[in-house]
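Q: Please provide a close reading of one single part, and set it in the context of the rest of the chain. Kindly state the cut-offs behind each term as you use it.

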Amino acid sequence: GTVTGISVGGLPDGIVDTDMLANNAVTAAKSSGSAKGITQADQWRVTSVFDTQGATVESNWERNDTDFALIGSGMTQSSGIFTFPETGIYSVKFMASGYKSSAYVRYVGVVIQATVNNSSYSTRSEAYNSISDDTSAYAMAVAECIFDVTDTSTHKVRFRAEGESSVTWSASSNAQIMGATFIRLGDT
């Protein structure tokens, strides 16, 4: 027979199981592709120590290959210019550690530069520190920005290391000492 006062799903009329509805919505979004989560995450690092007062980091880049598997197809890099694999809103982070023996250096830092026309670059983020007058003094700086990549052929980033005077920048092929992290946060 027919039971009155019972809605679909076996609950009395007017009572809704919000947990069930939320789980069904997440499941539907995942199956349709509208709930993607993180689709791109990549990390690159510089493998060779170098000295500079200020320069764009153009060489000795490698993808992190120590206990890491990228998500998605990953960034591409040519002469220190990084190209995004798909459009979206990205978190971009660049970090570096430098040292100079027995000399005070007022500022050392890192800079993230971006272009939206594949030509002219402007500073999007920068961070600075100083090195004390010590035989084993290091300084680390981390810059981070959010970058809206609406066109992968024109929106690119590059990184600079800066100092008041020439500094030795640390690097490694086994650890993230100087490097960049890219995470796609969502759609543009």
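A: Buried residues, meaning those under 20% relative accessible area (over 50% is exposed, in between is partly exposed; 1.4 Å probe, protein chains only), make up 38% of the 188 residues in the protein chain. The model is predicted, so that local features need pLDDT of at least 70 and side-chain atom pairs count only at pLDDT 80 or more, whereas totals for chains, interfaces and linings use all residues. Residues are numbered from 1 along each chain as its sequence is written, and side-chain values use heavy atoms, with hydrogens and water left out.

The protein chain holds one helix and 11 strands; helices (H or I, at least four residues) and strands (E, at least two) are DSSP runs numbered from the N terminus. Read from the N terminus, the order of elements is α-β-β-β-β-β-β-β-β-β-β-β. About 10000 Å² of the protein chain is exposed, and 48% of that area is supplied by carbon and sulfur atoms; the Shrake-Rupley method with a 1.4 Å probe gives the accessible areas, and for residues only the protein chains shown count as cover. Among the contacts (heavy atoms within 4.5 Å) with a separation of 6 or more, 71% are between residues 24 or more positions apart.

The part chosen for the close look is strand 1. In strand 1, six of the six residues are buried. Ala41, Gln43 and Arg45 point one way, while Asp42, Trp44 and Val46 point the other way. In a regular strand, side chains alternate between the two faces of the sheet.

Strand 1 has antiparallel partners, where pairing requires that DSSP finds at least two bridges between two strands. With strand 11 there are five bridges, and Ala41 has Ile183 as its bridge partner there. With strand 3 (residues 61–63) there are three bridges, and Trp44 stands opposite Arg63.

Asp42 lies in strand 1, which covers residues 41–46. Asp42 counts as buried because its relative accessibility is 3%. Its side chain makes polar contacts, defined as pairs of N or O atoms within 3.5 Å; within protein, one atom must be able to donate a hydrogen and the other to accept it, and residues adjacent in sequence count only if both atoms are side-chain atoms. One such contact, of 2.8 Å, joins the side chains of Asp42 and Arg63, and another, of 3.1 Å, links the side chains of Asp42 and Trp44. Arg63 thus appears both opposite Trp44 in strand 3 and in polar contact with Asp42. With neighbours within four places in sequence left aside, Asp42 is in contact with Arg63, Phe68, Leu70, Gly74, Met75, Ala180, Thr181 and Phe182.

Phe182 leads on to the nonpolar core, a set of buried Ala, Val, Leu, Ile, Met, Phe, Trp, Tyr and Cys residues joined through side-chain atoms within 4.5 Å. The largest such core has 34 residues, and those with the most contacts inside it are Trp61, Phe84, Val92, Phe94, Phe159 and Phe182. At least two residues each come from strand 1, strand 6 (88–99), strand 7, strand 8, strand 9 (138–149), strand 10 (156–169) and strand 11 (179–186). Strand 9 gives the largest share, six residues.

Phe159, in strand 10, is buried because its relative accessible area is 0%. Beyond four places in sequence, its contacts include Trp61, Val92, Phe94, Ala180 and Phe182. Its C-alpha atom is 4.9 Å from that of Ile112, 47 residues away along the chain. Phe84 likewise touches Phe182, as well as Met75 and Val92, among others outside four places in sequence.

Backbone angles complete the account of the surroundings. Asn60 lies in the loop between strand 2 (50–56) and strand 3, and has a positive phi of about 65° although it is not a glycine. Asn60 is partly exposed because its relative accessible area is 39%. Ser79, in the loop between strand 4 (76–78) and strand 5 (81–83), is also a residue other than glycine with a positive phi, near 50°.
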